[in-house]
Amino acid sequence: MQSLATRAGLSRAAFAQRFASKVGAPPLAYLTWWRMTTAARLLRDTDLPLRSVAERTGYATEFAFAKAFKREFGTAPGRYRNEPNQAVSA
């Protein structure tokens with residue numbers, strides 16, 4: 001976030017406040033939403049292993065990814081992939 005704030009010519013706090021006012025969510029909450037939405041689509045639309053989905057969405061390990069995914073969707077990524085009619089709603 002510091003590099004984005006620097007590019008915008010703002011402090012981190014000012015950048016976060018301006019970002020939230022424009023986007024409707026703080027930067028890290030938005031980033032999590034974006035990662036989880038992308039992950040949900042990858043799980044639904046591809047046969048990529050969880051490790052690859054985790055890497056593509058910015059997580060260093062499958063465990064960290066699975067924990068974040070479950071917190072956001074209330075279900076494990078593998079179960080999400082296998083349940084029919086799951087909507088991407090993160």
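Begin by selecting T57, which sits in the loop between α4 (50–56) and α5. Helices here are DSSP runs of H or I with at least four residues, and strands are E runs of at least two, numbered from the N terminus. T57 counts as buried because its relative accessibility is 6%. Buried means under 20% relative accessible area, exposed means over 50%, and partly exposed is in between, using a 1.4 Å probe and protein chains only. Now show the side chain of T57: it reaches the backbone oxygen of V53 at 2.8 Å. This is a polar contact, defined as a pair of N or O atoms within 3.5 Å; within protein, one must be able to donate a hydrogen and the other to accept it, and residues adjacent in sequence count only if both atoms are side-chain atoms.

Before moving on, a word about what is on your screen. This is a predicted model, in which local features need pLDDT of at least 70 and side-chain atom pairs count only at pLDDT 80 or more, while totals for chains, interfaces and linings use all residues. Residues are numbered from 1 along each chain as its sequence is written, and side-chain values use heavy atoms, with hydrogens and water left out.

**Zoom out**

Show the whole protein chain as a cartoon. How many helices and strands are there in the protein chain? You should find six helices and zero strands. Along the principal axes, the C-alpha atoms fill a box of roughly 45 × 25 × 20 Å. Of the 90 residues in the chain, 27% are buried.

**Stop one: helix α2**

Select residues 12–23, which form helix α2. The expected span of a helix is 1.5 Å times one less than its number of residues. For the twelve residues of α2 that gives 16 Å, and the end C-alpha atoms are 16 Å apart, so the two agree. Next, click on G24, which follows α2 and has a positive phi, near 95°.

**Stop two: aromatic rings**

Show the side chains of Phe, Tyr and Trp. A search of the whole structure finds nine aromatic pairs. Rings (for Trp, the six-membered ring) pair if their centres lie within 6.5 Å; planes under 30 degrees apart count as stacked, over 60 as edge-to-face, and the rest as tilted. Take F15 and F19: their ring centres are 5.9 Å apart and their planes meet at 45°, so this pair is tilted. Both residues belong to helix α2, and because they are four residues apart there, about one helical turn separates them. An α-helix has 3.6 residues a turn, so residues three or four places apart point the same way. Is F15 buried or exposed? F15 counts as buried, since its relative accessibility is 11%.

Now jump to F65 and F69, whose ring centres are 5.7 Å apart with planes at 50°, so this pair is tilted. These two lie in helix α5 (residues 62–73), four residues apart, about one turn of the helix. F65 is buried at 0% relative accessibility, and F69 is buried with a relative accessible area of 0%. While you are in helix α5, click on A68. A68 counts as buried at 5% relative accessibility. Its C-alpha is 9.7 Å from that of R35, although A68 and R35 are 33 residues apart in sequence.

**Stop three: a cluster and helix α3**

Select F15, F19, Y30, W33 and W34 together: ring pairs link these residues into a cluster. Pick out W33, which is found in helix α3. At 32% relative accessibility, W33 counts as partly exposed.

Stay in helix α3 and select R41. R41 is partly exposed, with a relative accessibility of 46%. R41 and V53 are twelve residues apart in sequence, and their C-alpha atoms are 9.7 Å apart in space. You met V53 at the start, as the residue whose backbone oxygen is reached by the side chain of T57.

**Last stop: N82**

Finally, select N82 in helix α6 (residues 77–82). Is N82 buried or exposed? N82 counts as exposed, because its relative accessibility is 62%. Its side chain reaches the backbone oxygen of G78 at 3.0 Å. To link this stop with the previous one, draw a distance from N82 to R41: they are 41 residues apart in sequence and 13 Å apart in space, C-alpha to C-alpha.
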